[in-house]
Amino acid sequence: MKYHFLGNSGLKVSELGFGAGTLGGQGQIFSAWGQASQSEANQMIQAALDAGINYFDTADVYSDGESERMLGKALASKRQQAIISTKVGIRSSAHLNAAGFSRDYLLSAVEQSLTRLGTDYIDVLQLHQFDSFTALHQLMKTLDELVRSGKVRYIGVSNFAGWQLMKAQAIAEQHGYEKFVVNQVYYSLIGRDYEWELMPLNDDQQIGAVVWSPLGWGRLTGKFDRENPIPAQSRLHETAQFAPPVNETHLYQVIDALKQIAIETGYSIPQIALNWLLQRPTVSSVLIGARNQTQLQENLKAKDLQLSTEHRAQLDQASAIYPPYPYYPYWNGQFTERFKSLVPSQFG
């Protein structure tokens, strides 16, 4: 297992992280993600630790908090070996103020997560989505207070637009508040939007990316291709109902490239898709969310693959899509050497 710094925090995290969204099985969406029991969760988390994983990610909204409770129990005797990341901000109850990032809600949400996790500190607290109703100055001040209190050690965001993240960083810089060191993002071979704005921002601000849904909401598991399209009864229709749409022609073009590389390397389609992400700029950790021990062990093999330059170029080309304004060739001449590999071949 390789380890990367989480942004400029000085904290080292495993290149593969454990996504605990599959634990709990509560509710329509999360029960489709996974329904591991506590015993199964204990076994998977121990296997993850044995493989060198030290980064474990969950959220208060996953299975109505059950994911946090199960993760906390599984790590209770191994707390010093683990970096626990959780997220808050998505509505988790009918209470009027149980959402967003008001001081009232944020302080309460952190206390509740601490209780469910069975710990007295959260290693990495992330904001699950942007809240346009709470002043960013108040938000950054509250987060700073949480870090100073010792209840939270590092802070980050998820699903923020570039301007939202940068404005928050600027306020923190101006007032000497704690700054974000991690940005949890959707990124995959069939979802490369992260590269257009957020990747350069993360590089400039020294923020580490933690990748969620690296297999494109289950589309890159190797189960589906031109001859075997996604069936109507597939769980994907439940789990991916909030996912961005993917053009079928583009999807099968990427799968075709993955299948060819799988034949040439002996590794599976998901292992190749995961490994491609491990080589991308700014990526600190890629979350693997396994439904069972077998799936976890298969995903862990992604770290052992050494994709050739030719194979990476093949995947880059198959997955590239034309960026929207203002990210298309106007900036081509200003692109640094570090990001040239991200530019589709037709751009030069």
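**Exercise 1. Confidence along the chain**

Task: State how many contacts beyond four places in sequence the model has for residues 343–348, and how pLDDT behaves there.

Solution. The structure is a predicted model. Over residues 343–348, pLDDT stays under 50. For this stretch, the model has 13 contacts beyond four places in sequence. The next step is to set this beside the protein as a whole. The average pLDDT of the protein is 89, and 88% of the residues score at least 70. Residues 331–336 have a pLDDT below 50, with 8 contacts beyond near neighbours in sequence.

**Exercise 2. The barrel**

Task: Determine in which order the 8 strands close into a barrel, and identify which residue of E6 is the bridge partner of Lys-87.

Solution. The order is E3-E4-E5-E6-E7-E8-E9-E10, and the pairing is parallel. Neighbouring strands of this sheet are turned by 30° against each other on average, direction ignored. One pair within the barrel consists of strand E5 (residues 83–88) and strand E6 (residues 122–127), joined in the parallel sense over 4 bridges. Within E6, Gln-126 is the bridge partner of Lys-87. A further pair is strand E7 (residues 152–158) with E8; these run parallel and are joined by 3 bridges. Here Ser-158 stands opposite Gln-184 in E8.

**Exercise 3. The two faces of strand E8**

Task: Establish how many residues of E8 are buried, and which of them lie on each side.

Solution. In a regular strand, side chains alternate between the two faces of the sheet. In E8, one side carries Val-182, Gln-184 and Tyr-186, while the other carries Asn-183 and Val-185. Every one of these residues is buried, and both faces are thus covered. The count is 5 of 5 residues, and E8 is described as mostly covered.

**Exercise 4. One face of helix H7**

Task: Explain why the buried residues of H7 line one face of the helix, and name the elements against which they pack.

Solution. The buried residues of helix H7 (residues 198–205) are Leu-198, Met-199, Leu-201, Asn-202 and Gln-205. Viewed down the axis of H7, these buried residues fall within an arc of 160°, so they line one face of the helix. An α-helix has 3.6 residues a turn, so residues three or four places apart point the same way. The buried residues of H7 pack against helix H6 (162–175), strand E8 (182–186) and E9. After H7 comes Gln-206, with a positive phi near 55°.

**Exercise 5. Two enclosed helices**

Task: Find how many residues are buried in H3 and in H10, and list what the buried residues of each helix pack against.

Solution. Begin with helix H3 (residues 66–75): 7 of its 10 residues are buried, so the helix is largely enclosed by the rest of the structure. The buried residues are Ser-67, Glu-68, Met-70, Leu-71, Gly-72, Ala-74 and Leu-75. They pack against helix H2 (38–50), strand E4 (55–57), E5 and H4.

Continue with H10, in which 10 of 10 residues are buried; among them are Ile-269, Pro-270, Trp-276 and Leu-278. The buried residues of H10 pack against E3, E9, H9, E10, helix H11 (293–300) and helix H12 (309–319). Helix H10 (residues 269–278) lies across strands E3 (16–19), E9 (208–212) and E10 (283–288), and runs at about 160° to E10.

**Exercise 6. The nonpolar cores**

Task: Identify which residues have the most contacts inside the largest nonpolar core, and which helix gives the most to this core.

Solution. The largest nonpolar core has 89 residues, and those with the most contacts inside it are Phe-18, Phe-56, Met-140, Leu-143 and Leu-220. Helix H9 (residues 248–265) gives the most to this core, contributing 8 residues. Another core, of 10 residues, lies apart from it and includes Leu-11, Val-13, Tyr-55 and Ile-83. Leu-220 may then be examined by itself. Leaving aside neighbours within four places in sequence, Leu-220 is in contact with residues including Leu-189, Pro-214, Leu-251, Ile-269, Pro-270 and Ala-273.

**Exercise 7. Classifying two residues**

Task: Decide whether Gly-218 and Ser-108 count as buried, partly exposed or exposed.

Solution. The cut-offs are under 20% relative accessible area for buried and over 50% for exposed. Gly-218 has 22% relative accessibility and therefore counts as partly exposed. Its place is the loop between E9 and helix H8 (236–239). The C-alpha atoms of Gly-218 and Pro-270 are separated by 9.3 Å, although the two residues are 52 residues apart along the chain.

Ser-108 has 32% relative accessibility and therefore also counts as partly exposed. Ser-108 is located in helix H4 (residues 103–117). From C-alpha to C-alpha, Ser-108 and Ala-98 are 8.9 Å apart in space, and in sequence they are 10 residues apart.

Technical notes. Residues numbered from 1 in each chain as written. Predicted model: local features only at pLDDT ≥ 70, side-chain atom pairs only at ≥ 80, totals over all residues. Heavy atoms only, no water. Pairing = 2+ DSSP bridges. Axes fitted to C-alpha atoms, helices over the stretch in contact; angles between N-to-C directions. Contact = heavy atoms within 4.5 Å. Buried < 20%, exposed > 50% of the residue type's maximum accessible area, 1.4 Å probe, protein only. Arc of directions from axis to C-beta. Core = buried A, V, L, I, M, F, W, Y, C linked by side-chain atoms within 4.5 Å. pLDDT = per-residue confidence, 0-100.
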